[in-house]
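Good morning, everyone, and thank you for making room for this. Please have the sequence and the model open in front of you while I talk.

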Amino acid sequence: MIDHAHDLASVRDATERLLTAVGKLDNASVTESSLLPGWTRGHVLAHLARNADALVNALEGRPMYVSGEARDADIERDAPRPLDAHLADVRESAARFQQTGAAPADWSRTVELRNGVTDSASQVPFRRWAEVELHHVDLGIGYELEDLPAEFTQRETEFLAARFTGHPDVPPTRITDGTRAWSTGREAADPEVTVTGPPADLLGWLAGRRDGTALTVRGGPLPVLPPL
């Protein structure tokens with residue numbers, strides 16, 4: 001069962017870690033490339049702020065973004081700002097998200113996200129947690145996949161494996177870190193491929209942050225995953 005209050009607390013803690021780390025940068029560092037192709041660190045920070053507001057919109061029954069074009073334009077507009085402006089925006093938008101999450105609500109209700117995706121409201125705090133943790137890594141400032149909380153790594157691996165389950169272009173695949181195992185890809189009685197590796201490398205591959213060269217694959221080549 002999803003504990004949205006626990007996840008909201010985890011989002012708060014992850015946001016504080018990110019803000020503390022980013023606060024050690026300077027204006028020049030914000031303009032440098034992140035680990036995401038085509039995005040500076042400023043783009044990542046701008047996206048994090050606007051995503052918090054977008055998830056508030058979703059929780060309050062509004063579209064996350066006016067349009068995909070408006071979302072992209074907002075990120076481009078805000079990316080060049082100085083460090084202090086980014087820090088204030090991420091902090092203030094995070095506070096708005098926490099305030100919305102603290103309000104009495106039916107957490108079993110269905111909310112609409114981007115591109116027609118729907119989910120339980122109770123899942124929204126975890127989705128925000130994933131945004132904060134993975135984009136902290138994407139900033140390229142020393143926070144690595146290995147530094148992610150173990151609970152988050154396990155849950156995000158499970159979430160992404162479920163996301164690719166049933167995808168016609170992904171072979172039936174068993175994913176394991178040697179202790180836990182997940183299934184993904186096309187439905188089948190038995191997996192065609194088994195992918196084994198450390199938790200951080202498995203998550204990195206599933207999340208499109210690593211190429212999978214650190215993983216061991218049996219039964220065929222490493223599956224090519226569709227973009228998130």
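**A walk through the model**

Let me begin with Asp89, which touches Ala49, Arg50, Asp78, Arg81 and Arg96 when residues up to four places away in sequence are not counted, where contact means heavy atoms within 4.5 Å. Asp89 lies in helix H5, and I should say that helices (H or I, at least four residues) and strands (E, at least two) are DSSP runs, numbered from the N terminus. Asp89 is buried, with a relative accessible area of 10%; buried means under 20% relative accessible area, exposed over 50%, and partly exposed in between, with a 1.4 Å probe and protein chains only. The C-alpha atoms of Asp89 and Leu45 are separated by 8.6 Å, although these two residues are 44 residues apart along the chain.

Before going on, please keep in mind that this is a predicted model, in which local features need pLDDT of at least 70 and side-chain atom pairs count only at pLDDT 80 or more, while totals for chains, interfaces and linings use all residues. Residues are numbered from 1 along each chain as its sequence is written, and side-chain values use heavy atoms, with hydrogens and water left out.

Another buried residue is His43, with a relative accessible area of 9%, and His43 is found in helix H3. Leaving aside neighbours within four places in sequence, His43 is in contact with Gly38, Ile75, Glu76 and Ala79.

Now to the core. In soluble globular proteins, nonpolar side chains tend to be buried together. A nonpolar core here is a set of buried Ala, Val, Leu, Ile, Met, Phe, Trp, Tyr and Cys residues joined through side-chain atoms within 4.5 Å. Which members of the largest nonpolar core touch the most other members? Of its 60 residues, they are Leu18, Val22, Phe97, Leu148 and Phe152. The elements giving two or more residues to this core include helix H1 (4-22), helix H3 (41-59) and helix H5 (83-102), and the largest share, 11 residues, comes from H3. As for Leu148, its contacts beyond four places in sequence are Glu133, Leu134, Val137, Tyr143, Thr153 and Leu203.

Phe152 brings us to the aromatic rings, of which the structure holds 4 pairs; rings of Phe, Tyr and Trp (its six-membered ring) pair if their centres lie within 6.5 Å, and planes under 30 degrees apart count as stacked, over 60 as edge-to-face and the rest as tilted. Trp129 and Phe152 form a tilted pair, at 5.3 Å centre to centre and with 50 degrees between the planes. Because Trp129 lies in helix H6 (residues 124-138) and Phe152 in helix H7 (residues 150-164), this pair ties together parts that are 23 residues apart in sequence. Trp129 is buried at a relative accessible area of 3%, and Phe152 is buried at 0%. Ring pairs also link Phe126, Trp129, Phe152 and Phe159 into a cluster.

Staying with H7, its buried residues, among them Phe152, Leu160 and Phe164, pack against H1, H6, S3, S4 and H8. After H7 comes Gly166, whose phi is positive, near 85 degrees.

Finally, the strands, where two strands pair if DSSP finds at least two bridges between them. Strand S3 (residues 173-176) pairs with strand S4 (residues 181-184) in the antiparallel sense over 4 bridges, whereas S3 and strand S5 (residues 193-196) pair in the parallel sense, over 4 bridges. Thr176 therefore gives us a useful place to look from both sides, as it stands opposite Ala181 in S4 and opposite Thr196 in S5. In the hairpin of S3 and S4, which has 4 residues between the strands, Gly178 takes a positive phi near 95 degrees. In a regular strand the side chains alternate between the two faces of the sheet. S4 has a covered face, made of Trp182 and Thr184, and an uncovered one, made of Ala181 and Ser183, and Trp182 has Ile175 standing opposite.
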